[in-house]
Amino acid sequence: MVFAQLSDTHLDQSDDRADRMARVMEHLGALPLDAVLVTGDIADHGDPAEYAQARKLLLGSPHPVLLCPGNHDVRGPYREGLLDEPPLDGPVNRLHRIAGATFAMCDSTVPGKDHGFLDDGTLAWLDRQLAGNPGEPAFVCFHHPPVPQGIPYVDRIRQFGADRLAAVIERHPQVVAVLCGHNHTAAATTFAGRPLLVSPGTVSTLRLPIEGGGIADYDAPPGVAFHLLDDEGRLTTHYRTV
């Protein structure tokens, strides 16, 4: 199977950000993908109009689009605008089974805060879902990385309480990888003995401290990750700009 991942579109009703996202979605729409994952910060302010813009750009995809919220998203308008659900305030967790794989899209947001945390209910939900499909390869997905990435600006608002998440993942050997966004830059490390793969940003690319030149580059092209899972269970990830 082959699926794409993008993140951090930060739609704010401006033409520039919509054009960047439209360019990515047009590129992905022409490819034979099994799914497209969007790992949070879909809207910039969580306004209903931003989700209306996102809905038009995302849900016209010919591929299944799997979503989770980020710290710039607001659960009520997110639910109404993208999921056609009542504007409830609880975590937005969704499970998808596509092409013989399980995708657990978890809500790592803390309403009103920028850092991430998987609450006890979300961890219990994740544990149950993984236990229910032990024979399928699984991907655990959310917005905030659970370990530092060497970028102080985002490391201080990463996902905390990660030892609790690691304990869940370690109970389920079918978890192939953990996928997230938030950093606005492609990155790869490990977590709980599995690959932790960070999607590049759509709206901008963050610079490492050693690179200088300010925190973010808004002129860099949008990025996307392509994840390939072969018949032997080996995952390979390729990063591209669009």
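Reply: Let's start with a yardstick: a residue is buried under 20% relative accessible area, exposed over 50%, and partly exposed in between. Keep in mind that this is a predicted model.

Me: Okay, let's try it. Is Arg234 buried or partly exposed?

Reply: Arg234 has a relative accessible area of 47%, so it falls in the partly exposed class. Asp230 is partly exposed too, at 31% relative accessibility. Now look at how their side chains meet: Asp230 and Arg234 form a salt bridge, 2.7 Å from N to O.

Me: What do I look for when I hunt for a salt bridge?

Reply: Look for a side-chain nitrogen of Lys or Arg within 4 Å of a carboxyl oxygen of Asp or Glu.

Me: And how many salt bridges does the structure hold?

Reply: There are 12 of them. Glu85 is a nice one to click on. Its side chain meets that of Arg94 at 2.5 Å, N to O, and Glu85 also forms a salt bridge with Arg79, where the closest N and O atoms are 3.4 Å apart.

Me: How do these residues sit on our yardstick?

Reply: Glu85 is partly exposed at 25% relative accessibility, and Arg94 is partly exposed with a relative accessible area of 25%. Arg79, at 7%, is buried.

Me: Which residues are linked in a network of salt bridges?

Reply: Try Asp12, Arg17 and Asp44, which are linked that way.

Me: What about charges without such a partner? Which residues form a negative surface patch?

Reply: For a patch, pick residues that have over 30% relative accessible area and no salt bridge. Here Asp15, Asp16, Asp19 and Asp219 make up a negative one. Asp19 sits in helix H1, residues 15-29, and is partly exposed at 48% relative accessibility.

Me: Now the rings. How do I describe a pair of them?

Reply: A pair of aromatic rings is described by how far apart the centres are and by the angle of the planes. In this structure the count comes to four aromatic pairs. One of them joins Phe3 and Phe139 edge-to-face, 5.0 Å centre to centre and 70 degrees between the planes. That pair links distant parts of the chain, with Phe3 in strand S1 and Phe139 in strand S7, 136 residues apart. Both Phe3 and Phe139 are buried.

Me: Can you show me another?

Reply: Sure: Tyr51 and Tyr78 are edge-to-face as well, 6.0 Å centre to centre with 85 degrees between the planes. Tyr51 lies in helix H2 and Tyr78 in helix H3, so the pair ties together parts that are 27 residues apart in sequence. Tyr51 is buried at 0% relative accessibility, and Tyr78 is buried at 1%.

Me: Which residues form one aromatic cluster?

Reply: Phe3 and Phe139 again, along with Phe103.

Definitions and conventions: Residues numbered from 1 in each chain as written. Predicted model: local features only at pLDDT ≥ 70, side-chain atom pairs only at ≥ 80, totals over all residues. Heavy atoms only, no water. Buried < 20%, exposed > 50% of the residue type's maximum accessible area, 1.4 Å probe, protein only. Patch = residues over 30% accessible without salt bridge, like charges linked within 9 Å, V, L, I, M, F, W, Y side chains within 5 Å. Areas by Shrake-Rupley, 256 points an atom, 1.4 Å probe, with all protein chains shown as cover. Lys, Arg positive; Asp, Glu negative; His and termini not counted. Charge placed at Lys NZ, Arg CZ, Asp CG, Glu CD. Helix = DSSP H or I, 4+ residues; strand = E, 2+ residues; numbered from the N terminus. Phe/Tyr/Trp six-rings, centres within 6.5 Å; stacked < 30°, edge-to-face > 60°.
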